[in-house]
Amino acid sequence: MNETPLLRVTGLSRYYGERVGCRDIDFDLWPGEVMGIVGESGSGKTTLLDCLSGRRPPSAGRVEFTLRDGSQVDLFAMPEPRRRLLMRTDWGIVHQNPRDGLRMGVSAGANVGERLMAVGRRNYRQIRGAAAAWLEKVEIEAGRIDDQPTTYSGGMLQRLQIARTLVSGPRLVFMDEPTGGLDVSVQARLLDLLRGLVTDLGLAAVVVTHDLAVVRLLAHRLMVMRRGEVVEAGLTDQVLDDPHHPYTQLLVSSILQT
Amino acid sequence: MTTATGYNFAYLDEQTKRMIRRAILKAVAIPGYQVPFGSREMPLPYGWGTGGIQVTASVIGSADVLKVIDQGADDTTNAVSIRRFFARTAGVATTRRTTEATIIQTRHRIPETPLREGQILVYQVPIPEPLRWLEPRESETRKMHALADYGVMHVKLYEDIARHGRIATSYDYPVLVNDRYLMRPSPIPKFDNPKMHMNPALQLFGAGREKRIYAVPPYTKVVSLDFEDHPFEVQRWDDCCALCGAADSYLDEVITDDRGGRIFVCSDSDYCTGRIGP
Amino acid sequence: MYVAVKGGERAIDNAHAWLGETRRGDRQVPELSLAQIDGQLALAVDRVMTEGSVYDRELAALAIKQAQGDQVEAVFLLRAYRTTLPRFGYSLPIDTGAMRVRRRISSTFKDVPGGQILGPTYDYTHRLLDFSLAAEAPPVAAPMAEDPVDDTLPRVIDVLGREGLIESEAAGGDSPVGDLTREPMAFPAGRDLRLQSLARGDEGFLLAMAYSSQRGYGHTHPFAGEIRMGEVTVEFFAEELGFAVELGDIAVTESQMVNQFRGSAEQPPQFTRGYGLAFGRSERKAMAMALVDRAMRAGELGEEATAPAQDPEFVLGHCDNVEASGFTQHLKLPHYVDFQGELELIRRLRRKDGE
């Protein structure tokens, strides 16, 4: 029933002076689809994510997004007020460091409730109820709702950030190394949680990571980046089980060896 | 127009007054919006009413009658100092009666006596930016105003309720003006907030150090922020004024001895005096 | 029966009269003249002129006298006077290259064309209290050089410029220079506004900011490329005449810092500049200003800006001592009404807790 992709990226490039951040990126993202972007640090995947999520203007190319009413907007041609509105309603960003996405000075409940208040919700009890429900979904005890995030562990902070991002019911979520900086056991639990949420909510997502295990678990499709360019793309299992590009082969084999 | 002091009428030169009047006109045209202006150094210190003084100096004429209050009273030291400043540099008539004044410069109160059309209430503003404690950067707060991105303001109110069971802001309580701009009413008690709403008088706000002027034109909607299930409410006292018996005015607590004795009296000295009778 | 406090007016008059007496002090001691302050407290006059933004030694001396030597209060007096002065226009830029130099040093080269000229400096003095001054002994005569100082000493920093090793600093062309005394600061602030704000800024604040940048909070690897002090001519272009007329000479101190820069995507590795300028002999101020100016350029040069000194909104928002002093001291004003609100709130909250 959906004939247009949720996100359409065409000829996206970003240069830093002479240096290439990313070059000639094209892809479509469909509703409910999770796209993984993998590569080493410096491969351009974070630059690409910043451009896709409207936080860094590209040097060339377009990013088009399909609104709820079916109309398409060019992300960088639209006025900033509309872009900001989009960012706090239809979009969510999960930062690698949860501190970048949270207000560390206010309670967990306020963190989750903020996006609801930003779109005009004015009933305290309902806002608090929604916050409590979301804390439960991300497996944070109800009793911690009034605690400051500073008292949370790293894994809890990341889950709190996810609740804060998803509370407004976004249709597209950008994740930057969502499990980076966490212990291995904590990573596994978080990945499980994320996979459950993405499936339950039918979310579309773009996940940037250097960790192939993350994309294996979350992503339907995969793009492998090197020196700012996509060297291989396809269905996740296909790319990982039968890599064609030598660089992908190297990535996959280095994981297998460790 | 030079007075006996050797300074121009109401101290400021006419060019500066014109610049400030332009800022005031813009402020009136966009209620609640903070208009940057070329605030001048005044012979009174920043933080002591330089914004209000510049606004008053720009709108006052020789026929005006000026009242100056601080904490509601005409006799507090800073009110005396500012009233004298204008008596000396503009030679205008001054009054303590709210009803007689055409311009009232105030710090921290709105008079209890309702204002009428044609009167101007000039507020002294220390920090004009309502988002300042939530976002210290001017470049960011201006963007937030431009986009009416005010969700974070309710985050603070949410925190109050979560922690204290109620909104714990008792003065300088944020308001939304004309359904558009978030505004600090200056540190008036929230008791005074409802008086700003649909007031027949022109309300002008001057922040000298921060170099901003904003305004609430007559009969403009001014709504104090709240939640549907935690509505805005004003302070109430169990006592009445010990001098005039008023039960509807903002009361100051006065310590009468060192054994815990205290009484409450009207903060608005003109209102209190008027009730006691001549 | 309680009576509301009255009589504020008389109390204020009395307080001011007392201040006047206190200012004069012991009448047996001769009163200070403005000429004495100008001549013998010259560095105090320089600072008050710089931060007061008026080059007038007599007015600055008067402000110092009236403020009983309180520099920040004196700056305030001068600023409040300045604001009433009519404005004819803006002078032409001064040419510090044509300065009649009294002092000129560089720490980047051992010798420079024209030589190192120490001038009247506290550097290298032993900071021992000199009791001969208490006894009002006359100073030792300073010998005169046989040859006058060259009146067109090249700027040391231009030597680096000829090799292209330091960023070129082109004048802003025809774009108008901002003026903080007419228009409020707006962020992001251009370098013109930043420098004007720093020039008017509090010496103590800038010193601490500069110092912090040397202690790891936004390090910029500075060298004192050149510090020069002396007289420059101020000229005004008179539209009616069609040519520039000389208004007079002023003494200024100029500090040019040379800072390391490792290069970025847009620029090759080279030296960069920090600039300081102050009225009179105000070397500490000019150097601090130059360090902070450079620190605040972090964003523009693509350096990571993490320290307070690199944050223009923080530095410029707080460097003016007239603003800072007024607002800090406004806490002395009555706050009964707000305090009453807080009192009522605390009582109510405690009552709720007790329930």
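Which way round, left-handed or right-handed, is the crossing of α4(A) and α5(A)? Keep that in mind while I set the scene. What we're looking at is a predicted model, and I'll go through it chain by chain, starting with chain A.

So, the answer: α4(A) and α5(A) make a right-handed crossing. Helix α5 of chain A is residues 124-137, and its axis and that of α4(A) come within 9 Å, crossing at roughly 120°. Because of that angle, α4(A) counts as oblique to α5(A). If you want to click on side chains, look at Gly109(A), Val112(A), Gly113(A), Leu116(A) and Met117(A) on α4(A), which meet Ile127(A), Ala130(A), Ala131(A), Trp134(A) and Leu135(A) on α5(A). Sorted by class, this α4(A)–α5(A) contact has 8 nonpolar residues, 2 polar ones and no charged ones.

Now, α4(A) also has a partner over in chain B. In general, you describe two packed helices by the angle between their axes and the distance between the axes. Here the helices are α4 of chain A, residues 108-118, and α5 of chain B, residues 151-164; their axes come within 8 Å and cross at roughly 140°. That angle makes α4(A) oblique to α5(B). The crossing of α4(A) past α5(B) is right-handed. On the chain A side, the contact is made by Gly109(A), Ala110(A), Glu114(A), Met117(A) and Ala118(A), and on the chain B side by Gly151(B), Val152(B), His154(B), Val155(B), Tyr158(B) and Glu159(B). What's the mix of nonpolar, polar and charged residues in the contact of α4(A) with α5(B)? By class, you get 6 nonpolar, 3 polar and 2 charged.

Staying in chain A for a second, let's do the strands. β1(A), residues 7-16, pairs antiparallel with β2(A), residues 19-29, over 7 bridges. Leu7(A) sits opposite Leu29(A) in β2(A). The hairpin of β1(A) and β2(A) has 2 residues between the strands, and in it Gly17(A) takes a positive phi near 60°. β1(A) also pairs with β4(A), residues 60-66, again in the antiparallel sense, with 5 bridges. One spot to find there is Ser13(A), whose bridge partner in β4(A) is Ala60(A).

On to chain B. It has an open sheet of 7 strands with mixed pairing, and the order is β1-β9-β8-β5-β4-β2-β3. At the edges are β1 (35-36) and β3 (93-94) of chain B, each with a single partner strand, so each has one side without a neighbour in the sheet. Within that order, β8(B), residues 202-207, and β9(B), residues 212-216, run antiparallel and are joined by 5 bridges. Ala207(B) stands opposite Arg212(B) in β9(B). Lying across β1, β8 and β9 of chain B is helix α1(B), residues 14-29, which runs at about 45° to β9(B).

One residue in chain B I'd like you to find is Pro200(B), in the loop between α6 (193-196) and β8 of chain B. What does Pro200(B) touch, not counting residues up to four places away in sequence? The list is Leu115(B), Arg116(B), Glu117(B), Gly118(B), Pro218(B) and Tyr219(B). Take Leu115(B): it is 85 residues from Pro200(B) along the chain, yet their C-alpha atoms are separated by 6.6 Å.

Next, where chain B meets chain C. The contact takes 61 residues from chain B and 45 residues from chain C. The area buried between the two chains is about 4,700 Å², with carbon and sulfur atoms giving 56% of that. In chain B, the residues losing the most area to chain C are Glu41(B), Trp48(B) and Arg84(B), together 14% of what that side buries.

Last stop, chain C. Its 4 strands form an open antiparallel sheet in the order β1-β2-β3-β4. β1 (100-105) and β4 (272-279) of chain C stand at the edges with a single partner strand each, so one side of each has no neighbour in the sheet. Neighbouring strands here are turned by 25° against each other on average, direction ignored. In the middle of the order, β2(C), residues 222-238, and β3(C), residues 243-259, run antiparallel and are joined by 16 bridges. For example, Val234(C) has Gly248(C) as its bridge partner in β3(C). Finally, helix α10(C), residues 283-295, packs on this sheet, touching β1, β2, β3 and β4 of chain C, and its direction makes about 145° with that of β4(C).

Technical notes. Residues numbered from 1 in each chain as written. Chains lettered and ligands numbered in written order. Predicted model: local features only at pLDDT ≥ 70, side-chain atom pairs only at ≥ 80, totals over all residues. Heavy atoms only, no water. Axes fitted to C-alpha atoms, helices over the stretch in contact; angles between N-to-C directions. Parallel < 35°, antiparallel > 145°, perpendicular 65-115°, else oblique. Left-handed = near helix turned anticlockwise from the far one by under 90°. Contact = heavy atoms within 4.5 Å. Nonpolar A, V, L, I, M, F, W, Y, C, P; charged D, E, K, R; others polar. Pairing = 2+ DSSP bridges. Buried area = accessible area lost by both parts, 1.4 Å probe.
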